Amino acid sequence: AIHNITGAFTAVIGFYFLARSADVLLLIASNNASADPSFANQIIITLLAGLALLLPDFNSMVRIDDLLNHITNIQHYLSAGFAATIYILLIACASLIDLHRKQL
């Protein structure tokens, strides 16, 4: 039933790389803004900050020190589970919208 597997796979990989690099893009834009504090740079920083808020923070979901040192901070696991649940629901809603749009 899936007709365009390459496009779907590319979109998922692109979303993953964008989510992983959103903080880096914001850091690069912030360093550039200190050299040139123009209005356009402020707009770019604001847009990148909004994008970083919308994308999942994969670095905080699974940290290597939690796996190696067996840190049992229940608040960290609850927040990571909550964030994962939100993004699973968003992906499920997008899938349902796409399936509703197509005539099966």
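## Terms and model

A residue is called buried under 20% relative accessible area, exposed over 50%, and partly exposed in between. The model discussed here is predicted.

## Overall make-up

The protein contains five helices and zero strands. Read from the N terminus, its elements follow the order α-α-α-α-α. Of its 104 residues, 13% are buried.

The accessible surface is about 8400 Å². Carbon and sulfur atoms supply 71% of that surface. Among contacts with a separation of 6 or more, 45% link residues 24 or more positions apart.

## Helix 1: Ile-13 and Arg-20

Helix 1 covers residues 5-35 and includes Ile-13. Is Ile-13 buried, partly exposed or exposed? Its relative accessibility is 32%, so Ile-13 counts as partly exposed. Ile-13 also belongs to a nonpolar surface patch, together with Phe-9, Tyr-16 and Phe-17. That patch measures about 420 Å².

Arg-20 is another residue of helix 1. Arg-20 is partly exposed, because its relative accessibility is 35%. Along the chain, Arg-20 and Pro-56 are 36 residues apart. In space, their C-alpha atoms are separated by 8.3 Å.

## Helix 2: two faces

Helix 2 runs over residues 39-54, 16 residues in total. From first C-alpha to last it reaches 23 Å. The expected value at 1.5 Å a residue is 22 Å, and the helix comes close to it.

Which residues of helix 2 are buried? They are Asn-41, Ile-45 and Leu-48. Viewed down the helix axis, the buried residues fall within an arc of 70°, so they line one face of helix 2. The general geometry is simple: an α-helix has 3.6 residues a turn, so residues three or four places apart point the same way.

The face of helix 2 turned away from the buried side carries exposed residues. These are Phe-39, Thr-46, Leu-47, Leu-53 and Leu-54.

## The loop after helix 2: Leu-55

Leu-55 sits in the loop between helix 2 and helix 3, the latter spanning 58-61. Why does Leu-55 count as buried? The cut-off for buried is under 20%. Leu-55 has a relative accessible area of 9%, so it is buried.

What does Leu-55 touch, leaving aside neighbours within four places in sequence? Leu-55 is in contact with Phe-15, Leu-18, Ala-19, Ala-22 and Tyr-87. Take Leu-18 from that list. Leu-55 and Leu-18 are 37 residues apart in sequence. Their C-alpha atoms are 8.1 Å apart in space.

Key: Residues are numbered from 1 along each chain as its sequence is written. This is a predicted model: local features need pLDDT of at least 70, side-chain atom pairs count only at pLDDT 80 or more; totals for chains, interfaces and linings use all residues. Side-chain values use heavy atoms; hydrogens and water are left out. Helices (H or I, at least four residues) and strands (E, at least two) are DSSP runs, numbered from the N terminus. Buried means under 20% relative accessible area, exposed over 50%, partly exposed in between (1.4 Å probe, protein chains only). Contact means heavy atoms within 4.5 Å. Accessible areas come from the Shrake-Rupley method with a 1.4 Å probe; for residues, only the protein chains shown count as cover. The expected span of a helix is 1.5 Å times one less than its number of residues. The arc is that of the directions from the helix axis to the C-beta atoms. Patches are made of residues with over 30% relative accessible area and no salt bridge: like charges are joined within 9 Å, nonpolar side chains (Val, Leu, Ile, Met, Phe, Trp, Tyr) within 5 Å. A salt bridge is a side-chain nitrogen of Lys or Arg within 4 Å of a carboxyl oxygen of Asp or Glu.
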